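Visitor: I have a structure open and would like some help reading it. May I put a few short questions to you?
Guide: Certainly; please show it and begin wherever you like.

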Amino acid sequence: MRAPRVTRPAIPAGYGVSDDMKGALRWISVRRILEGALRYWIATSSRDDGPHLIQQWAAWVDDTLYFGGSKKTKWSRYLRLDPRIAVSVERTGYSIMVEGRAQVLATVTPELAGALVAIFDKKYGYKTTVEDWTKGGLWALRAEKVFAWKFASLGTTATRFLFDQPGDAASSPSSRAPSAIGVS
């Protein structure tokens, strides 16, 4: 797992975001919030129906968000048509948003399944088995961008974390998904 590149988000000048990196948040702190969150707000979209927002239980493992559900749910149908996704978590004093592309996993390693069993039991008291995670319907959102700041100090703490994706070196900016949040 490689550390993300840390920059300032492109936010209009009137918001007072510092150009220097003094006060920027540390990835380890933001990652801990993502790992410990109980509720993840998942935003998807459909050309016909527009935006859709749902609260979901999930697990943050190795800079990837794992969540599951029936392929009949609206969010799952939307992701199958357009894998672009934005996710936010609840945490007093912080804004944290994740952007990327989701994919439904055909297989899950025993190690990942074991980690999901432990996380869902600890966070939610939800008892699952390794086999439960290998039946299909498990989605993975590998972080491409994470935006984070403290409410009380947006100007000095606004931070953007950029993650390299497989094949990034060969891909052009025009082939990447547009930002789903109003910052970039």
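Visitor: Which classes of residue make up the lining of the second largest pocket?
Guide: In this predicted model, that lining has six nonpolar, four charged and three polar residues.

Visitor: Which of them lie nearest its centre?
Guide: Of the 13 lining residues, Thr44, Ser45, Ser46, Asp82 and Arg84 lie nearest the centre of the second largest pocket. The space in this pocket comes to about 260 Å³.

Visitor: And which elements give two or more residues to that lining?
Guide: They are strand 2 and strand 6, the latter covering residues 84–89. Strand 2 gives the most, with four residues.

Visitor: How do strand 2 and strand 6 pair?
Guide: They pair in the antiparallel sense, over four bridges. Isoleucine 42, for example, has valine 87 in strand 6 as its bridge partner.

Visitor: What about strand 2 and strand 3; how many bridges join them?
Guide: Seven bridges join strand 2 (residues 40–46) to strand 3 (residues 50–56), and these two strands run antiparallel. Isoleucine 42 has a bridge partner here too, namely isoleucine 54 in strand 3. A hairpin of three residues makes the connection from strand 2 to strand 3.

Visitor: Going back to strand 6, how many bridges join it to strand 7?
Guide: There are five bridges between strand 6 and strand 7 (residues 94–104), which run antiparallel. In one of these pairings, alanine 86 is matched with glutamate 99 of strand 7. Strand 6 and strand 7 also form a hairpin, with four residues between them. Glycine 93, in that turn, has a positive phi of about 90°.

Visitor: Which residues have a positive phi although they are not glycine?
Guide: Aspartate 62, with a phi of about 50°, and aspartate 63, with a phi of about 60°, are examples. Most residues other than glycine have a negative phi.

Visitor: Where are those two found?
Guide: Aspartate 62 is in the loop between strand 4 (59–61) and strand 5 (64–68), and aspartate 63 is found in that loop as well.

Visitor: Are they buried or exposed?
Guide: Aspartate 62 is partly exposed, because its relative accessible area is 49%. Aspartate 63 counts as buried, because its relative accessibility is 5%, and the cut-off for buried is under 20%.

Visitor: New topic. How many helices and strands are there in the protein chain?
Guide: The chain has four helices and nine strands. Along the sequence, the pattern is β-α-β-β-β-β-α-β-β-α-β-α-β.

Visitor: What share of the residues is buried?
Guide: Of the 184 residues in the chain, 41% are buried.

Visitor: How many residues are in the largest nonpolar core?
Guide: It has 40 residues, and those with the most contacts inside it are Val30, Tyr40, Phe67 and Val146. Strand 8 (residues 138–150) gives the most to this core, with seven residues.

Visitor: What does phenylalanine 67 touch?
Guide: Leaving out residues up to four places away in sequence, phenylalanine 67 touches several residues, including Ile42, Trp57, Trp75, Leu79, Ile85, Trp139 and Leu141.

Visitor: And which residues does the second core include?
Guide: This separate core has six residues, among them Ile11, Met97, Trp149 and Ala158.

Visitor: Where does isoleucine 33 lie?
Guide: Isoleucine 33 lies in helix 1 (residues 27–36). It is buried, because its relative accessible area is 8%. Setting aside neighbours within four places in sequence, isoleucine 33 is in contact with Val89, Arg91, Tyr94 and Ile96. Its C-alpha is 9.0 Å from that of glutamate 90, and the two residues are 57 residues apart in sequence.

Visitor: One last residue: where is tryptophan 133, and is it buried or exposed?
Guide: Tryptophan 133 is in the loop between helix 3 (110–124) and strand 8. It is buried, with a relative accessible area of 10%. Apart from residues up to four places away in sequence, tryptophan 133 touches Val108, Ala113, Leu116, Val117, Phe120, Thr128 and Leu138. Tryptophan 133 and leucine 112 are 21 residues apart in sequence, with 8.8 Å between their C-alpha atoms.

Conventions: Residues numbered from 1 in each chain as written. Predicted model: local features only at pLDDT ≥ 70, side-chain atom pairs only at ≥ 80, totals over all residues. Heavy atoms only, no water. Core = buried A, V, L, I, M, F, W, Y, C linked by side-chain atoms within 4.5 Å. Buried < 20%, exposed > 50% of the residue type's maximum accessible area, 1.4 Å probe, protein only. Contact = heavy atoms within 4.5 Å. Pairing = 2+ DSSP bridges. 1 Å grid on protein atoms, 1.4 Å probe; cavity = no way out; pocket = protein on both sides within 12 Å on 5 of 7 lines; lining within 4 Å. Points joined across faces, edges and corners; volume = space filled by probe spheres on them. Nonpolar A, V, L, I, M, F, W, Y, C, P; charged D, E, K, R; others polar.
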